[in-house]
Amino acid sequence: MSNLTMNKLTLKTEGDTHIVVTRHFAASPEAVYRAHTDPKLIQQWLLGPEGWTMPVCINEAKPGGKFRYEWVNGKGSKFHITGEFLELEPHRRIVHVERMHLPDPTPDNHVETRFHADGTGTLMTMRMTLPDAKTRATMLSTGMERGMEASYVRLEGML
Amino acid sequence: MYNLDAAFSALADPTRRAILARLAKGEATVNELAEPFEMTQPAISQHLKVLEDAGLIVRRVDGTKRPRRLVKAGIEAMDQWLAMLRKALENNYDRLDQVLATMEQHKMGKHKKGETR
């Protein structure tokens, strides 16, 4: 398999309330986990579309710890996400809840991110659970308009 | 411009997704669409109305029948939207690849200086 294929992102809906993203990385689970929990590293990549930056990145990576990410696009638009960590198994798994503030908070998105050693690299699987089908639909159509977060659906073979 | 919120909401229901999957194969009447489901025709008609309001299907008059078909532009608008979301996500992970490569270089640099992890 070529690197290009290996690194290809997959995203799909599952059931009525889940969204699942997978991506392969050419780095160890330790490194990928660290890039998901160290604010200095998160600020370098979790940015969404061109032109957005994350001036505020607060991240207490411990069970019960809170996080807050704030994005700006330099043209007057901004928004933020807040969340709490539920479980952290170093280098293997992160479970957290989060919500976007647009500025009203969206319903909680429950996210489980797993890192599996895969050859010399890591396979990441991020599984989001929204409270109901309607919330997932709104998240796909409007919440994500703000840029970030994960996203998706290849509507179960339909689109 | 399509109402994407309505379109995604319409797709949040498994029956409606199945109806669209059936229509992707070609036009069909309400009876034909109702057949695979254990549902009354009014219940199916309600689902069809949601899909119609979302701009995903239209009806045609054929005698007493009102066959439905997909609106290609509506489906394409959703597809384009999803492609854009996907792109934003891909941008993130492409950047993460760079961050990871830099971390690896630092690690190798430290090893050269005799430091341990």
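Two strands count as paired here if DSSP finds at least two bridges between them. Keep that in mind for S6(A) and S7(A), which pair in the antiparallel sense over 6 bridges. One more thing before the tour: this is a predicted model.

## The sheet of chain A

Let's start with the sheet. Chain A has 8 strands in an open, antiparallel sheet, and their order is S1-S2-S8-S7-S6-S5-S4-S3. At the edges sit strand S1 (10-14) and strand S3 (53-59) of chain A, each with a partner on one side only. Going from one strand to the next, the twist averages 20°. As background, strands of a sheet pair through backbone hydrogen bonds, either parallel or antiparallel.

Three of the pairings are set out here, each with a pair of residues that face each other.

| Strand pair | Bridges | Facing residues |
|---|---|---|
| S5(A) and S6(A) | 9 bridges | Glu89(A) and Arg93(A) |
| S6(A) and S7(A) | 6 bridges | His96(A) and Val111(A) |
| S7(A) and S8(A) | 9 bridges | His116(A) and Leu123(A) |

The sheet also has a helix resting on it. Helix H2 (residues 29-37) of chain A packs there, touching strand S2 (18-25), S3, S6, S7 and S8 of chain A. The direction of this helix makes about 155° with that of S7(A).

S6(A) is a handy strand to look at if you want to see two faces. In a regular strand the side chains alternate between the two faces of the sheet. On the covered face of S6(A) you'll find Ile94(A), His96(A), Glu98(A) and Met100(A). The uncovered face carries Arg93(A), Val95(A), Val97(A), Arg99(A) and His101(A).

## Two residues to look at in chain A

S5(A) and S6(A) form a hairpin with 3 residues between them. What is the phi of His91(A), in the turn of that hairpin? It is positive, about 70°, although His91(A) is not a glycine. For context, most residues other than glycine have a negative phi. His91(A) lies in the loop between strand S5 (78-89) and strand S6 (93-101) of chain A. Is His91(A) buried or exposed? Neither, quite: His91(A) counts as partly exposed because it has 16 C-beta neighbours inside 10 Å, and a residue needs 20 or more to be buried, or 12 or fewer to be exposed.

Next up is Arg114(A), which is in strand S7 of chain A. Arg114(A) has 17 C-beta neighbours inside 10 Å, so it counts as partly exposed too. Leaving aside neighbours within four places in sequence, Arg114(A) is in contact with Arg92(A), Arg93(A) and Thr125(A). Arg114(A) and Met124(A) are 10 residues apart in sequence, and their C-alpha atoms are 5.6 Å apart in space.

## Chain B, stretched out

Now for the other chain. Chain B has 5 helices and 2 strands, and from the N terminus they come in the order α-α-α-α-β-β-α. How does chain B compare with a compact globule of 117 residues? Such a globule would have a radius of gyration near 13 Å, while chain B has 24 Å. Its C-alpha atoms fill a box of roughly 85 × 30 × 20 Å along the principal axes. Of the 117 residues in chain B, 28% are buried. Among contacts in chain B with a separation of 6 or more, 52% link residues 24 or more positions apart.

Helix H4 of chain B covers residues 41-53, 13 residues in total. From first C-alpha to last, H4(B) reaches 18 Å, close to the 18 Å expected at 1.5 Å a residue. After H4(B) comes Gly55(B), with a positive phi near 75°.

Ahead of that helix, Phe37(B) is found in the loop between helix H3 (30-34) and H4 of chain B. Phe37(B) is partly exposed because 13 other C-beta atoms lie within 10 Å. Not counting residues up to four places away in sequence, Phe37(B) touches Thr15(B) and Ile44(B). The C-alpha atoms of Phe37(B) and Ala18(B) are separated by 9.5 Å, with the two residues 19 apart along the chain.

## Where the chains meet

The contact takes 31 residues from chain B and 36 residues from chain A. On the chain B side, the elements giving two or more residues are helix H1 (4-10), helix H2 (14-23) and helix H5 (72-112) of chain B. Which of them gives the most? That is H5(B), with 19 residues. By type, the residues on the side of chain B that touches chain A divide into 19 nonpolar, 3 polar and 9 charged.

Methods
Residues are numbered from 1 along each chain as its sequence is written. Chains are lettered from A and ligands numbered from 1 in the order in which they are written. This is a predicted model: local features need pLDDT of at least 70, side-chain atom pairs count only at pLDDT 80 or more; totals for chains, interfaces and linings use all residues. Helices (H or I, at least four residues) and strands (E, at least two) are DSSP runs, numbered from the N terminus. The radius of gyration is taken over C-alpha atoms; the globule rule is 2.2 Å times the number of residues to the power 0.38. Two residues are in contact if their C-beta atoms, placed from the backbone, lie within 7 Å. Ala, Val, Leu, Ile, Met, Phe, Trp, Tyr, Cys and Pro count as nonpolar, Asp, Glu, Lys and Arg as charged, and the others, Gly among them, as polar. The expected span of a helix is 1.5 Å times one less than its number of residues. Axes are lines fitted to C-alpha atoms, for helices over the stretch in contact, and angles run from 0 to 180 degrees between N-to-C directions.
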